[in-house]
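Subject: Structure for you to look at

Hi,

Here is the structure I promised to hand over. Have a look at it first, and then read on for my notes.

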Amino acid sequence: MNTEKSLIDAYNSKSIGSGREPIILKPYCLEFISDCRISGLAILGIEGYFVANGKVCPNINEIADFSNLPIENWETYLKESIEAANRFIGIMMSSGKSDAYGFALTNEFIEISK
């Protein structure tokens, strides 16, 4: 089983739905980010969701895109993406309206030609 799937499976009871981009309940987001760092998974972006009566609706006012962070090498990108995710979720913990947050993850450094 790959690292990403193992991490997502470990958060089954702390998330909504299933799939490649987990939607983690708000109280567990900082813990999830820490586990991403430990697992070597970079966070490409985060999207807020409202959860009510078994329905999940995106909150377009709470979105963060980290795909444009400077890419020197994989280790730097991983560190920068985790720090950016912690800052975003830290702000959302005190002022965000979403009930849960979806995380786009990657475990590979993909070099894009310019």
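Let me start with one residue: Gly48 counts as buried, because its relative accessibility is 0%. Before going further, please keep in mind that this is a predicted model. Gly48 belongs to strand β3. If we set aside the neighbours within four places in sequence, Gly48 makes contact with Cys57, Pro58, Asn59, Glu62, Ser98, Ala100 and Tyr101. A distance you may want to check in your viewer is the one from Gly48 to Lys26: the two residues are 22 apart along the chain, and their C-alpha atoms are separated by 9.2 Å.

Now the overall picture. The chain has three helices and five strands, and along the sequence they follow the pattern α-β-β-α-β-β-α-β. With a radius of gyration of 14 Å, close to the 13 Å that the globule rule gives for 114 residues, the chain is as compact as a globular protein of that length. Taken along the principal axes, the C-alpha atoms fill a box of roughly 45 × 30 × 25 Å. Of the 114 residues, 39% count as buried. The chain exposes about 6,800 Å², and carbon and sulfur atoms supply 52% of that area. As for contacts with a separation of 6 or more, 66% of them come from residues 24 or more positions apart.

How are the strands ordered in the sheet? The five strands form an open sheet in the order β1-β2-β5-β3-β4, with antiparallel pairing. At the edges stand β1 (15-16) and β4 (55-65); each has a single partner strand, so one side of each is left without a neighbour in the sheet. Two helices are worth a look here. Helix α2 (residues 29-39) packs on the sheet and touches β2, β3 and β5, and its direction makes about 10 degrees with that of β5. Helix α3 (residues 74-95) lies across β3, β4 and β5 and runs at about 25 degrees to β3.

The pairings can be followed strand by strand:

- β2 (residues 23-25) pairs with β5 in the antiparallel sense over three bridges, and there Ile23 has Gly102 as its bridge partner.
- β3 (residues 42-52) pairs with β5 in the antiparallel sense over seven bridges, with Gly45 opposite Ala104.
- β3 and β4 run antiparallel and are joined by eight bridges; in this pair Val51 stands opposite Val56.

Strand β5 deserves a closer look. Is β5 enclosed or open to the outside? Seven of the seven residues of β5 (residues 100-106) are buried, so the strand is largely enclosed by the rest of the structure. In a regular strand, side chains alternate between the two faces of the sheet. In β5, Ala100, Gly102, Ala104 and Thr106 point one way, while Tyr101, Phe103 and Leu105 point the other way, and all of them are buried.

For a contrast, turn to Ile63, which is found in strand β4. Ile63 counts as partly exposed, because its relative accessibility is 48%. Not counting residues up to four places away in sequence, Ile63 touches Ile46, Glu47 and Phe88. The C-alpha atoms of Ile63 and Gly45 are separated by 7.5 Å, and the two residues are 18 apart along the chain.

Finally, the cysteines. How many disulfides are there? The count comes to zero, with a disulfide taken as two cysteine sulfur atoms within 2.5 Å. Why does Cys29 have no such bond? The closest cysteine sulfur to that of Cys29 is in Cys36, 10 Å away, which is too far for a bond. Cys36 is likewise in no disulfide, since the nearest cysteine sulfur, that of Cys29, is 10 Å away. Cys29 counts as buried at 0% relative accessibility, and Cys36 is buried with a relative accessible area of 0%.

That is what I have for now. Happy to go through any of it with you.

Best wishes

Definitions and conventions:
Residues numbered from 1 in each chain as written. Predicted model: local features only at pLDDT ≥ 70, side-chain atom pairs only at ≥ 80, totals over all residues. Heavy atoms only, no water. Buried < 20%, exposed > 50% of the residue type's maximum accessible area, 1.4 Å probe, protein only. Helix = DSSP H or I, 4+ residues; strand = E, 2+ residues; numbered from the N terminus. Pairing = 2+ DSSP bridges. Contact = heavy atoms within 4.5 Å. Axes fitted to C-alpha atoms, helices over the stretch in contact; angles between N-to-C directions. Rg over C-alpha atoms; globule rule 2.2 N^0.38 Å. Areas by Shrake-Rupley, 256 points an atom, 1.4 Å probe, with all protein chains shown as cover.
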